[in-house]
Number of protein chains: 2
Amino acid sequence: MIELSKAEFDVLDALWINYPATASQIIERLSDDKQWHEKTIKTLLGRLVKKGALTFEKEGRQYIYTPCMERADYTLKESQNFIERFFSGRIAPLVSGFAKSEQLSQQDINELKKVIDDWEKNQK
Amino acid sequence: MIELSKAEFDVLDALWINYPATASQIIERLSDDKQWHEKTIKTLLGRLVKKGALTFEKEGRQYIYTPCMERADYTLKESQNFIERFFSGRIAPLVSGFAKSEQLSQQDINELKKVIDDWEKNQK
DNA sequence: AATTAAAGACTACACCTGTAATCTATAATT
DNA sequence: AATTATAGATTACAGGTGTAGTCTTTAATT
């Protein structure tokens with residue numbers, strides 16, 4: 001699995017919003033949330049390319065970036081990893097921890113029920 | 001929140017198995033899973049103390065270590081953090097990702113149902 | 001054509017991390 | 001009491017990370 005740092009992920013995440021995109025577009029998108037210098041983001045883009053998380057094509061003197069993987073695939077792998085590390089690979093203890101500390105809303109419960117429902121329909 | 005590296009967490013995790021415990025006991029516990037040199041683990045213990053994740057008392061020339069927090073509290077915070085970063089704070093999309101990629105077993109589903117059940121009982 | 005501005009490349013640098021080796025103090029052993 | 005072994009403290013060092021600054025090239029502007 002490609003290992004991304006937090007900052008790298010945030011840049012990739014800005015690209016996932018809509019791609020392909022230029023560096024300036026990504027910088028623009030990040031400007032609301034982060035106080036990052038333009039140079040910082042360029043560095044991170046370079047590192048992402050080096051790690052194989054992005055590719056680009058030249059257009060004039062700019063690069064047009066495209067992610068090399070989908071967000072859902074990346075977050076799934078990260079999730080598996082996370083759950084393996086902290087909960088020996090079982091997902092229920094994570095949810096249970098949230099429940100115990102009253103971090104679950106009725107909406108969460110409804111959504112979880114739907115996930116379970118869909119899963120069961122799929123079994124038949 | 002105290003930020004621990006992976007290796008630091010693994011050492012703390014070995015202490016959580018049973019504590020208080022000496023460095024040698026922790027080293028012994030880790031010897032099955034990790035090929036770490038004793039010195040490496042001592043270094044990590046030192047860093048954990050410095051970060052405030054552990055305390056110790058002297059006994060003869062050894063230290064007896066105790067975690068400064070409970071495992072459940074730590075993993076809950078890590079989970080919140082994780083879910084915030086990758087799923088905007090919603091837990092269902094994580095579970096849903098697992099479901100879609102067929103990572104959920106019947107046992108997971110049963111456990112999740114129980115969590116939901118308990119939560120609902122608790123609401124009344 | 002000459003100048004300027006902006007994109008990306010390269011360099012920087014401190015702190016974190018993984019992974020120990022060496023130093024120092026002291027408890028245990030002879 | 002002297003020696004040794006061991007616990008912890010200190011030092012080491014390369015690679016990753018956050019966070020840019022400077023250099024180089026080339027498109028755009030005068």
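Here are some questions and answers about this predicted model.

User: What rotation superposes chain B on chain A?
Analyst: Let's take the shift along the axis before the turn. That shift is 0.0 Å, and the fit has an RMSD of 0.1 Å. The relation is that of a two-fold axis, and the rotation comes to 180°.

User: What share of the contact residues of chain B recur in chain A?
Analyst: Look at which surface each copy uses. The same surface serves both copies. The share of chain B contact residues that recur in chain A is 100%.

User: How many aromatic pairs does a search of the whole structure find?
Analyst: One of the pairs is Phe86(A) with Tyr74(B), with 6.3 Å centre to centre. Both rings also belong to one aromatic cluster, which includes Trp16(A) and Trp16(B). Over all chains, the number of aromatic pairs is 21.

User: Is the pair of Phe86(A) and Tyr74(B) stacked, edge-to-face or tilted?
Analyst: The angle between the planes settles this one. Planes under 30 degrees apart count as stacked and those over 60 as edge-to-face. Here the angle is 55°, and the pair is tilted.

User: Why does the pair of Phe86(A) and Tyr74(B) join two chains?
Analyst: Check where each ring sits. Phe86(A) lies in helix α4 of chain A, residues 71–87. Tyr74(B) lies in helix α4 of chain B, so the pair joins two chains.

User: Are Phe86(A) and Tyr74(B) buried or exposed?
Analyst: Under 20% relative accessible area counts as buried, and over 50% as exposed. Phe86(A) and Tyr74(B) are both buried.

User: Which residue lies over the face of Phe86(A)?
Analyst: Chain B gives a hint, with Arg85(B) over the face of Phe86(B) at 5.4 Å from the ring centre. In chain A, the distance to the ring centre is 5.4 Å, and the residue is Arg85(A).

User: How far is a phosphate oxygen of DNA strand C from an N or O atom in the side chain of Ser5(B)?
Analyst: Ser5(B) is among the residues that come nearest to DNA strand C, along with Arg61(A), Tyr63(A), Thr40(B) and Thr43(B). Lys51(B) also reaches a phosphate oxygen, with a polar side-chain atom at 2.8 Å. For the side chain of Ser5(B), the distance is 2.5 Å.

User: Which element gives the most to the surface near DNA strand C?
Analyst: Elements giving two or more residues include α2, α3 and β3 of chain A. Chain B brings α1 (6–16) and α3 (38–51). With six residues, the element that gives the most is α3(B).

Methods: Residues numbered from 1 in each chain as written. Chains lettered and ligands numbered in written order. Predicted model: local features only at pLDDT ≥ 70, side-chain atom pairs only at ≥ 80, totals over all residues. Heavy atoms only, no water. Least-squares fit on C-alpha atoms with pLDDT ≥ 70 in both. Contact = heavy atoms within 4.5 Å. Phe/Tyr/Trp six-rings, centres within 6.5 Å; stacked < 30°, edge-to-face > 60°. Helix = DSSP H or I, 4+ residues; strand = E, 2+ residues; numbered from the N terminus. Buried < 20%, exposed > 50% of the residue type's maximum accessible area, 1.4 Å probe, protein only. Lys NZ or Arg CZ within 6 Å of the ring centre and 35° of its normal. Near = heavy atom within 4 Å. Polar contact = N/O pair within 3.5 Å; in protein donor to acceptor, adjacent residues only side chain to side chain.
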